[in-house]
Structures are given as C-alpha cells and as structure tokens.
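Colleague: I am new to this structure, so please choose a single part of it and take me through that part closely, explaining each term as you go.

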Number of protein chains: 2
Amino acid sequence: MKDLKTRILAAVGQDLELIEKELKSNLDPHLDLVREVAGHLLFAGGKRLRPLLMVLAAKACGCQKPSVFRFATIFEYLHAATLLHDDLVDGGAMRRGKPSAHTVWDPPTAVLTGDFLLARSLSIAATAGLPELIGVIAGITENMSQGEIQQLHRKGALDMTEQEYYTVIKRKTAVLFQGACRAGAMIAGAAKERQQALSDYGYHLGMAFQMADDLLDYAQSGDTLGKLPGADLREGKLTLPVIKALEKARNDDLKLMRRIISGQKFSKQEFDTLVHFLNIYGGVAYTRSRASRHVSMAKKALESLDLSEALDVMHDIADYALARKL
Amino acid sequence: MKDLKTRILAAVGQDLELIEKELKSNLDPHLDLVREVAGHLLFAGGKRLRPLLMVLAAKACGCQKPSVFRFATIFEYLHAATLLHDDLVDGGAMRRGKPSAHTVWDPPTAVLTGDFLLARSLSIAATAGLPELIGVIAGITENMSQGEIQQLHRKGALDMTEQEYYTVIKRKTAVLFQGACRAGAMIAGAAKERQQALSDYGYHLGMAFQMADDLLDYAQSGDTLGKLPGADLREGKLTLPVIKALEKARNDDLKLMRRIISGQKFSKQEFDTLVHFLNIYGGVAYTRSRASRHVSMAKKALESLDLSEALDVMHDIADYALARKL
C-alpha cells in the first residue's frame, strides 16, 4: 500500500506543483480579506485529488494544453466552497488540521467566501468557451446542495435506507469526481464516448472514495486522516456500515445499537460495542464489498481508452481509494 | 408618482405573469424540501424587478423569443440566493413581510438552499449556449460576495468613506441590475454597443435604486416597504446620508452623532436627533442629488436605442427608482 502511494505521488508530482501555482495566482486580484479566508482553507494541505483527476482525464485524452491546469482549479475551488458551507452546516470546528474558517472569522464570512470561491470557479470555467462545461459545474452544485440538505434533514433518522445513502453520497461526493473527469475530457476535446468513459470512472471512484471514508469512521484507529472515529455518528449521519448492521441485527442487540446511536454523546465503551456490532452483523464487510465493486467498475470504465501514463495513474488511484484505509 | 407606478404596472402586467410562471416551473423537478424553502422566499411577493429588467432589455433590442422569460428567472434566483445568505449575515429576522428562511428552518438549510438557487440559475444560463453570459453571472456573484464581505468587515466603522460606499453598493446591488440588462441584450443577440448602453442603464439604475433604499432608512415614516427606519444603522451599516453628514458636522454635533451611531441600540429620540443632523448637514440632500444624477445617466444611456414600448417603461422605471420614496 505504501508503494502504491509513493508511485502515485512520483507520477503526479509535477502536475501537483502546477495546480498549486494556479490555485494561488487565480486568487491574486481579489480583496485581501477574501484571499486570506479562502487561502486559510485552500492552502492547508489538501490532497488536490479533484483537480488532479481533471488533469489526468485530459491527459488520458491526449491533451497537452498548459491551460488545463488553470481549468483544473475549478474543481478545487468548488470543493473548498462546499467545505466552507458544510463545516458550518455540520458545526465542524476543525478542517485539514486547522480551526475551520467559521471559527477563525465568523459564519457569515465563511458563507460569503464560499460564494466567492464558487463564483471564481465559474468565472474560470466561462473562459473555456464550452457551455456544456458550465452545465456540468452547475449540475454538480445543484446536486451537492441537495445532497447536503437531504443529509441534514435525515439527521439521526434510524430508518435511513441503503438507497437513500447511495443518493446522498452520489450527490455530495461522486458527482464532483465525475464532473472533474468529464470536464478533463471536454477540455481535451474528446469524443462523447471517451467523455462518458471518464465520467463513469469518476463516478465509481467517488462512490468508492466516500464509502472508504465512511468506513474510516469505524476503524479502530483514526490517525490516518486526523479524523476522530465516530465523528459521523456524533453528527447524526448514518452511513452504510450502520444502516446495514441495523438491518440485520435483532432483539436486544438491535435495541442496544439504536440506543447508542440515538444517544450521540456515547462513551468510548459504547462506541466500541457499536463497532463490534457493525462487524458481527456484516455492516463493515458489506460496505467494503460495495466499495470494492465500485473500484472494479471504475477500472473497467478505463478499458476503452488508449494506454497512457495518465491512465496508469488513474488505475493506481482507483486501487488506492480503498487501500489507503482498510 | 401614483400615476407612474400604475403606468409601469399596466405596461408590464403580462410580462410579470410569464416570469411568475417560469419561476415556479423551473423548480418543479427538485427535492420537496428545497422547493419549499426556496418557495418560501421566492413567492412572498417580490417585485421581480431584476427579471423584468432583463425582459425589457431584450425587448428593447427587438427580441420576441418566448425563451427570454425562462432566462429572466436567472436573475430572480440569483437575487433570492443572495437574500438567503445575506439575511443570515445580517441576522435579519424578517424578509418580504415573512419570517426569514433561517429562522423558519435553520441557518444551514438557508445556506444550502441559497447554493441550490445559485446553481439553478447557472443551469438555466448554461442552456442559452452563450459562454459570455456565464461570465456575466459569475462576475455578478464574485462582486456581490466581495461587496457583502467588505460591508461586513467595515461594520460600524465611523471612518467609512464615500468612495468605499460607492464600491460596496456597486458590488452588492448595481452589478446585478447591470448584469440583468446586459444579459437581456445578449439573449437578443444585440451588437456590443447596444449591450453596453443597456449595461450602463442597469448600472446607473442600480446605484440610484440602492441610494434611494438607503435614504428610506432615514425617512420619517417607514411604511413604504415595511422596513423599520434606522435598520441599517442598527446593523452597523453606514450609508451615504450618514457618511456625508459626519464629514460636515463639527464639535459637539459630531460627538453626539458619533455617540448615537456607535450605540446601535439608540432610542427613538436619539434616532430623531440623528435624522435632524443628516438633514441640517446635507447628508440627505447630497445623497438625493447623487441618486438623481444616476437616474439622469440611466435615462441618457437609453438615448442611443430605437424607440419602443419597452424603452418607455425603462424610462419610467428610472424615474420611479427615486420617486417611489422621496
């Protein structure tokens, strides 16, 4: 697994540098305070996975245009905009190891800076001269906001279904991955079939990625990403491992699980009990197998494309989505 | 003045009906809750001035396409999106005579519904197939968020300058009016000079409109729009009548004004004293004369266009911007 990460980073090192440079220079002509607030989150060491996917998708379609790095920032700005709004929604106090913007400044500043970053990403997209690209980006934002609203209003609902869960993670995560990959193909001027193949890759990668993230919440140690185990549950977010285990558990076990979940302020011991149930009732294994199927489908989507270095990296990233944490 | 309003409403009655119909049908395929929250604000009796301006601008360029009404909704959705975020920023409890969305639901729902409406407006814009139109809309949103941030962080600042004030109202109001008018010309396929003329009209109308709104805050009776006099000041927003009077006042008068303004929770008597100073030190008269100049410039911008019924209404609207309240 370590090798996989090293290999990916070695292959994309130069791309990441160029993305970083563009992320900075695109904010330059703006209000100092906006730059400061946006920069607080933007330059706190994100993985830049979304812009990287766009660059790789463009390269996989043979695109050599240097402008691709500028367009790639669209997807990091979009991502940062939603993080700024989501942290507020979740009341998250930390982000990327730093206090979140709404605690350093205030909630209104975080909201408005999110709006600004969303607008910035559109301004950049508008310069590509591709109306369909705008449609993709607007569609992502429509989906993400609806996904978040849906999740917010099903907070703590013990009757959340597997199908609802898929709709939520598709909207809040997969459509952005999907859009970044499709946009890369669009910028490259690729034919519809290639656009579709890369879009499918992005969608399945995003689904796998979010499921892996949701599994991490119930891993025994939360050191991988600095995320505290049980955080989702504390926010009332029921994810697939829990939904599936609730579906299978019976009698006293079910009662106990429901009690722990509804409590939200559970003890370490209660949390361990819950994790035990997620394991014995197959919630963890089921989620892992679903995630793994999405990884396979992501890789399968790449089969129709010509071999290239970019394609190899995309393959590795699909494997890493699951390998990094499980 | 009554006649002016009657004449405008008679001329645009059918346009307003078509705009209303589109505002509803464009939200149809979406999540129930999103529709409900968005509808709460959207259908609380707004004046639809921004979409109307776009329709009139298109008609003034000879456009007869029925699709113009769908595109016009872009500017009402955009406006509603910013109201949802701004009410949160200002802590405003009422909007259009109803409790604001963030008090009926909660702040996160208001933020996310605002995001959704912003995205919805872009999706509609993307179907026009005009990349420059997207640039206009993204530019509006960049400006509006920066204007709000600027206003927020200069809250209560007694050294706010006239120039700063113009920048803020340009960003938070005039660019949207300007964009709606320019977009109308774009949809009509008008030449650059006509686009520019209508853009200039929108800009000056927006500036006049905001100044008139700011004057209303110091009018003796606040019944015109259901707005409580002194509301801006309570939120720490220093507008032109105050800025100008502070510039001219001396000694004890200046001290007293500063004390009242800094207090924010001033009494009725203190507020009346302040209004008295705004009048004797010319803050009100100066603002009115600046607004009036913008009305003249708005009308002047229309001179290069061919005569039409739409043009007459735009003329009347410019007059009404100031007449309605002063």
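Modeller: A residue is called buried if 20 or more other C-beta atoms, placed from the backbone, lie within 10 Å of its own, exposed if 12 or fewer do, and partly exposed in between. The model is predicted, so local features need pLDDT of at least 70 and side-chain atom pairs count only at pLDDT 80 or more, whereas totals for chains, interfaces and linings use all residues. Residues are numbered from 1 along each chain as its sequence is written, while chains are lettered from A and ligands numbered from 1 in the order in which they are written.

The part I would choose is the contact between chain A and chain B, to which each chain gives 35 residues, two residues being in contact if their C-beta atoms, placed from the backbone, lie within 7 Å. On the side of chain B that touches chain A, at least two residues each come from helix H2 (32-42), helix H4 (68-90), helix H6 (107-126) and helix H7 (131-153) of chain B; helices (H or I, at least four residues) and strands (E, at least two) are DSSP runs, numbered from the N terminus. H7(B) makes the largest contribution to this side, with 14 residues. Sorted by type, the side of chain B that touches chain A has 18 nonpolar, 13 polar and four charged residues, where Ala, Val, Leu, Ile, Met, Phe, Trp, Tyr, Cys and Pro count as nonpolar, Asp, Glu, Lys and Arg as charged, and the others, Gly among them, as polar.

As for symmetry, chain B is superposed on chain A by a rotation of 180 degrees with 0.0 Å of shift along its axis, at an RMSD of 0.0 Å, the fit being by least squares on the C-alpha atoms of residues with pLDDT of at least 70 in both copies. The two copies are therefore related as by a two-fold rotation axis. The residue of chain B that comes closest to this rotation axis is B:Pro131, whose C-alpha lies at 2.8 Å. Since 100% of the interface residues of chain B are also interface residues in chain A, the copies meet through the same surface.

One residue to follow here is A:His85, which belongs to helix H4 (residues 68-90) of chain A and counts as buried because it has 28 C-beta neighbours inside 10 Å. Apart from neighbours within four places in sequence, A:His85 touches A:Val111 and A:Gly114 as well as B:Val111, B:Leu112 and B:Asp115.

Helix H6 also deserves attention in both chains. In chain B, 18 of the 20 residues of H6(B) are buried, so the rest of the structure largely encloses this helix. In chain A, the axes of helix H2 (residues 32-42) and helix H6 (residues 107-126) come within 10 Å and cross at roughly 90 degrees, axes being lines fitted to C-alpha atoms, for helices over the stretch in contact, with angles running from 0 to 180 degrees between N-to-C directions. H2(A) is thus roughly perpendicular to H6(A), a term for angles of 65 to 115 degrees. A:Val34, A:Val37 and A:Ala38 of H2(A) meet A:Thr109, A:Thr113, A:Phe116 and A:Leu117 of H6(A), and the residues of this contact comprise five nonpolar, two polar and no charged.

Finally, A:Arg48 sits in the loop between H2 and helix H3 (49-60) of chain A and, with 21 C-beta neighbours inside 10 Å, counts as buried. Its phi is near 60 degrees, a positive value in a residue other than glycine.

Notes: Parallel < 35°, antiparallel > 145°, perpendicular 65-115°, else oblique.
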